[in-house]
Amino acid sequence: MRFLGKYWAFARIAARHALSERGELYGRMAFFAVVLGVFSALWRAVAEAGMPIATEPGRLVWYLAATEWIVLSVPQLHVEIQEDVRRGDIAYHLPRPVSYVGSMLAQAAGTLSVRLPIMALTACVCAYLFTGRAPPLAALLTFAVFAVAATLLASALYVGIGLLAFWLSDVSPIYWVVQKALFVLGGMMLPLELYPRWLQSVAHFTPFPALLAGPAQLVLRASAPGEVLVLAARLGAWSVFVAMLLWFVFRRASRSLQVSGG
Amino acid sequence: MNHLLNLGRFLVALSWTNLKSALALRGSFWLQVAFMILNNLTYFVFWWVLFARIPTLRGYGLREVYALFGTSAAGFGFVYAMAGGVRHLGRFIDEGELDPLLVQPKPTLLYALGSRSQPSGWGDAISGLVFLGLSGYARLDNLPLVLLALACSAATFLGAGVVFFSLAFWLRKTDMLSRHLWELLITFSLYPEPLFGGALRLVLFTALPVAFISYLPVRVLRDEKLVDALTLCGGAASVLVAGAWLFTRGLRRYSSGSRFGVFG
């Protein structure tokens, strides 16, 4: 229990910090509302030309609300890790009786505990106001469970990008590539079934559909229990893969630090 | 006349210095340019997929969206690359960082705007020009119109940016608010004009002057009507003048900081 207590403290501090940054939160909420407003107008216009997918415009607004909820809630931990490495603060973190990667993930969980409910409220209120309808409560609740898991996995991915700062002076280009891949291959603005076949095939070899399109499909249409289980298995498999990757990269990173110095 | 010529020479020198400073770290410069182009291509995946399935969107086809994105990205890119200080104005005002600029011989605003340059702005400018070329609305025979559209787009971005960030003279600690207003400007400028109606449309032609960034430039390039061109010039010039006027008024309220700093 004491083992978990240390990480609980990290999470609590991160949550307080996220709460204190009101401007950041309001900014995210406003941006979220504007994006949903723009896309509700866009999908209404698309419907006049004939929907390219067998669904209503309102459902696609809820789909975007779902994907954006995940994207806008994930903290950008790679920046913090890069600064730790650049300033040399990492040397003080490593001897502590806590795992550096673990503390970062705990901070991510803390930040998410503040951002997720606030952004969920923004998403639901705005999407309802713009569409005048809401998906079934059961679908929303199932989606929420998967979305929380997806935000944790995305946070772990960003921690992995941050750890690359041990070798690269600036990890921003890597972050941009991963972020854009998440937007496109994850199906952030459009369901993947609208993509050309070859792009859908490429996407399914990456973790991105499991992070965005997979959970968001749950609010787009009724999913069979089998599909939900497949999504859970995919998220689980990618979580194991990313966890192993983090362990491997951090081990190499700390070894390179011990050999070359900070 | 001599004064204007001097000012023109100064602006050219400032822009040249900005470009040289951005190119000083060559690798980082090209990396940022390349990633910004990649970023913009990513944005376009949405439109490519959508227009593969529908022919037009309230009169907007893929060509119009190319032109819309092209004028907006190029206008924004040139401002960000040549007058990148606009995004830092709020902080300059709030933290008393205008002090070293006040004693310079040329207008303070020009120094403040030219004091920063973002290499990624060149990526936006390049991809904007490529998209404009792809639209088919930018040709050699209408080059003056293309230059007019780009100049007005950049002038509106700059003028609106100065207005938003100059709010710090009166309201203090407005950096976050100004940044969000600036981002709203970018967001709305990337979506077709016919999507927005009613009161929002009025806002997009006045308080948030997106119309002069991309909507009217697209109309000017597509329809080649004199009335649209004149409206665009008038609108963009008004926003630019409003920005300069507001900054000059605000400067009278500016209180110096206690931080020691040098300029140059």
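Helices, here DSSP runs of H or I with at least four residues, and strands, runs of E with at least two, are numbered from the N terminus. The exercises below use this definition on a predicted model.

**Exercise 1. Determine how many helices and strands chain B has, and state how compact the chain is.**

Solution. Begin with the count: chain B holds 13 helices and zero strands, so that its pattern along the sequence is written α-α-α-α-α-α-α-α-α-α-α-α-α. Next, take the radius of gyration of chain B, which is 19 Å and lies close to the 18 Å that the globule rule gives for 264 residues, so chain B is as compact as a globular protein of that length. For the extent of the chain, the C-alpha trace of chain B spans about 60 × 45 × 40 Å along its principal axes. Finally, turn to the interior: buried residues make up 42% of the 264 residues in chain B, and among the contacts in chain B with a separation of 6 or more, 82% join residues that are 24 or more positions apart.

**Exercise 2. Locate B:Arg58 and B:Glu224, and decide whether each is buried, partly exposed or exposed.**

Solution. As background, most residues other than glycine have a negative phi. B:Arg58, however, has a positive phi near 45°, and B:Glu224 has a positive phi of about 50°. B:Arg58 sits in the loop between α2 (26–51) and α3 (62–82) of chain B, while B:Glu224 sits in the loop between α12 (215–223) and α13 (226–251) of that chain. The last step needs a cut-off, since a residue is exposed if 12 or fewer other C-beta atoms lie within 10 Å of its own, and buried if 20 or more do. B:Glu224 has 12 such atoms and is therefore exposed, whereas B:Arg58 has 15 and is therefore partly exposed.

**Exercise 3. Describe the side of chain A that touches chain B, naming the helix that gives the most to it.**

Solution. Start from the contacts, in which 23 residues of chain A meet 24 residues of chain B. On the side of chain A, α2 (22–49) and α8 (172–185) each supply at least two residues, and α2(A) gives the most, with twelve residues. Sorted by character, the residues on this side of chain A are 18 nonpolar, three polar and two charged.

**Exercise 4. Place A:Ala222 in chain A and state whether A:Ala222 is buried or exposed.**

Solution. A:Ala222 belongs to the loop between α11 (213–220) and α12 (225–260) of chain A. Because A:Ala222 has 10 other C-beta atoms within 10 Å, A:Ala222 is exposed.

Technical notes. Residues numbered from 1 in each chain as written. Chains lettered and ligands numbered in written order. Predicted model: local features only at pLDDT ≥ 70, side-chain atom pairs only at ≥ 80, totals over all residues. Rg over C-alpha atoms; globule rule 2.2 N^0.38 Å. Contact = placed C-beta atoms within 7 Å. Nonpolar A, V, L, I, M, F, W, Y, C, P; charged D, E, K, R; others polar.
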